[in-house]
Amino acid sequence: QVQLVESGGGLVQAGGSLRLSCAASGRVFTGFVMAWFRQAPGKEREFVAAIAWSVSSTLYTDSVKGRFIISRDNGKNTVYLEMNSLKPEDTGVYFCAAGRWGTQVGQYDYWGQGTQVTVSS
């Protein structure tokens with residue numbers, strides 16, 4: 001089993017920045033693709049960004065390209081999401097996930113409990 005714990009969410013004004021962290025424990029972190037998803041009220045959970053174990057490959061949904069940066073520190077078993085130029089439509093619960101490469105919820109086997117991000121206009 002892999003346990004994932006997110007932190008760093010909060011309330012921020014439009015144009016501001018937040019940095020989310022996800023600490024992994026339990027089963028070895030090695031080899032897992034790590035990703036961030038988000039879910040707005042009344043909407044389905046959607047892919048935000050993913051990073052491969054090697055760190056050389058990253059993937060972003062179009063709406064966050066150029067604004068968000070995903071990174072990971074394998075020595076600390078932690079993945080980060082740097083969010084800049086935040087918009088009200090970025091509001092939602094952000095979930096950390098571990099699994100296989102892809103953008104679909106079903107490709108990820110382990111999930112954190114989520115952290116709320118609220119962007120005010």
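Over the face of which ring does Arg45 lie at 4.9 Å from the ring centre? The ring is that of Trp111. Let's take a friendly walk through the surroundings, keeping in mind that this is a predicted model.

## Arg45 and its rings

Trp111 is one partner of Arg45, as just described. Arg45 also lies over the face of Phe95, and here the distance to the ring centre is 3.6 Å.

## Aromatic pairs

Searching the whole structure turns up 5 aromatic pairs. Take Phe37 and Phe47: their ring centres are 5.6 Å apart and their planes meet at 80°, so this pair is edge-to-face; the cut-off for that label is an angle over 60 degrees. The pair links distant parts of the chain, with Phe37 in strand 4 (residues 33-39) and Phe47 in strand 5 (residues 46-51), 10 residues apart.

Are these two rings buried or exposed? Phe37 counts as buried, at 0% relative accessibility. Phe47 has a relative accessible area of 8% and is buried too. Both values fall under the 20% limit that defines a buried residue. Ring pairs also join Phe37 and Phe47 with Tyr108 and Trp111 in a cluster, and this Trp111 is the residue whose ring face Arg45 lies over.

## The nonpolar cores

Now for the largest nonpolar core, which has 27 residues. Which of them touch the most other members? They are Leu4, Met34, Trp36, Leu81, Met83 and Tyr94. At least two residues of this core come from each of strand 1 (2-7), strand 3 (18-26), strand 4, strand 5, strand 7 (68-73), strand 8 (78-83), strand 9 (92-99) and strand 11 (115-120). Strand 3 gives the most, with 4 residues.

Another core, of 7 residues, lies apart from the largest one. Val33, Phe37, Ala97 and Tyr108 are among its members. Two of these names should be familiar, since Phe37 and Tyr108 also belong to the ring cluster.

## Two residues and their contacts

Leaving aside residues up to four places away in sequence, what does Tyr94 touch? Its contacts are Glu6, Leu20, Trp36, Phe37, Arg38, Val48, Phe68, Leu81, Met83, Gly114, Thr115 and Val117. Phe37 in that list is a member of the 7-residue core, while Trp36, Leu81 and Met83 are members of the largest core.

Ser21 is a good residue to finish with, and you will find it in strand 3. Its relative accessibility is 18%, so Ser21 counts as buried. Not counting residues up to four places away in sequence, Ser21 touches Val5, Glu6, Ser7, Trp36, Thr78, Val79 and Tyr80. Glu6 and Trp36 are also touched by Tyr94.

Terms used: Residues numbered from 1 in each chain as written. Predicted model: local features only at pLDDT ≥ 70, side-chain atom pairs only at ≥ 80, totals over all residues. Heavy atoms only, no water. Phe/Tyr/Trp six-rings, centres within 6.5 Å; stacked < 30°, edge-to-face > 60°. Buried < 20%, exposed > 50% of the residue type's maximum accessible area, 1.4 Å probe, protein only. Lys NZ or Arg CZ within 6 Å of the ring centre and 35° of its normal. Core = buried A, V, L, I, M, F, W, Y, C linked by side-chain atoms within 4.5 Å. Contact = heavy atoms within 4.5 Å.
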